[in-house]
Amino acid sequence: MAFDLQFYNPNFHYIKAPMVTSYKPQITTISYDGIDSNTPSGALPELLDRLESRGGYDPRTGKLLPFKNMSDDLDESLINEMLDSMTAAVEAGFGTPATFLTDFFATDNDVQNFADALDDYAAEQTFWVNDRHFNAFINAADAEEENAVTYAAMAERIRDLYEIKRDQAQKAAKSAAKKPN
């Protein structure tokens with residue numbers, strides 16, 4: 001049996017489908033959107049409680065308190081709020097690569113616990129890093145794209161920065177110890 005392939009069939013009626021509307025990019029909202037110096041304190045009890053107990057960025061005052069009291073009790077909503085806080089702070093000009101760890105973490109233990117919380121966040125099937133978290137982290141942590149495409153990758157970058165800081169401090173201490181008085 002032979003087949004005669006034809007590319008055009010005059011008896012076939014082609015359907016013109018409407019064009020699909022293209023995607024219009026939108027900025028991902030974070031919990032800090034809409035909070036500014038005019039926002040009354042009464043409208044922000046959870047934010048104010050978190051700032052007092054955990055640190056973070058206060059968009060009403062423009063002040064950043066390093067994250068503190070980081071522990072293994074950070075649930076998904078709290079870690080997302082902390083990432084939003086970091087994002088809002090970076091967008092306000094805080095968190096340069098030179099000051100990332102000291103701007104955002106009160107102690108070495110807080111650095112490690114935050115990185116562990118990011119790993120847990122990733123383990124909860126939180127795969128998508130939103131665009132604002134991604135961009136803020138890349139800018140603040142002097143990270144490459146592969147260091148920010150997942151929350152686990154962010155955790156690894158934070159640990160790397162911590163190790164670099166620790167190694168530099170040890171070298172500086174050794175150098176100072178070798179200098180004669």
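## The nonpolar core

In this predicted model, the largest nonpolar core has 44 residues, and those with the most contacts inside it are F100, F104, F105, F114, L118, F137 and I158. The elements that give two or more residues to this core are the helices α1, α2, α3 (100-104), α4 (108-123), α5 (131-140) and α6 (151-178). Of these, α2 supplies the largest share, eight residues. In soluble globular proteins, nonpolar side chains tend to be buried together.

## M86 and F114

M86 belongs to helix α2, which spans residues 76-91. With a relative accessibility of 3%, M86 counts as buried, because that value is under 20%. When residues up to four places away in sequence are not counted, M86 touches F67, F100, F104, F105, F114 and F137. The C-alpha atoms of M86 and P66 are separated by 9.7 Å, although the two residues are 20 apart along the chain.

F114, one of the residues with the most contacts inside the core, is in contact with F67, M70, I79, M82, L83, M86, F105 and I158 once its neighbours within four places in sequence are left aside. The contact between F114 and M86 thus appears in the list for F114 and again in the list for M86, and F67 and F105 are likewise named both for F114 and for M86.

## L47 in helix α1

L47 lies in helix α1, which comprises residues 45-54, and its relative accessible area of 10% is under 20%, so L47 is classed as buried. Leaving aside neighbours within four places in sequence, the contacts of L47 are with Y32, I35 and P59. Between the C-alpha atoms of L47 and S85, residues that stand 38 apart along the chain, the separation is 9.8 Å.

## Positive phi angles in two loops

Two residues that are not glycine deserve a note on their backbone: N69 has a positive phi of about 55°, and D142 has a positive phi of about 45°. Most residues other than glycine have a negative phi. N69 is placed in the loop between β2 (63-65) and α2, while D142 is found in the loop between α5 and α6.

For D142 the accessibility is also given: its relative accessible area is 52%, and D142 is therefore exposed, since the value is over 50%.

Definitions and conventions: Residues are numbered from 1 along each chain as its sequence is written. This is a predicted model: local features need pLDDT of at least 70, side-chain atom pairs count only at pLDDT 80 or more; totals for chains, interfaces and linings use all residues. Side-chain values use heavy atoms; hydrogens and water are left out. Helices (H or I, at least four residues) and strands (E, at least two) are DSSP runs, numbered from the N terminus. Buried means under 20% relative accessible area, exposed over 50%, partly exposed in between (1.4 Å probe, protein chains only). Contact means heavy atoms within 4.5 Å. A nonpolar core is a set of buried Ala, Val, Leu, Ile, Met, Phe, Trp, Tyr and Cys residues joined through side-chain atoms within 4.5 Å.
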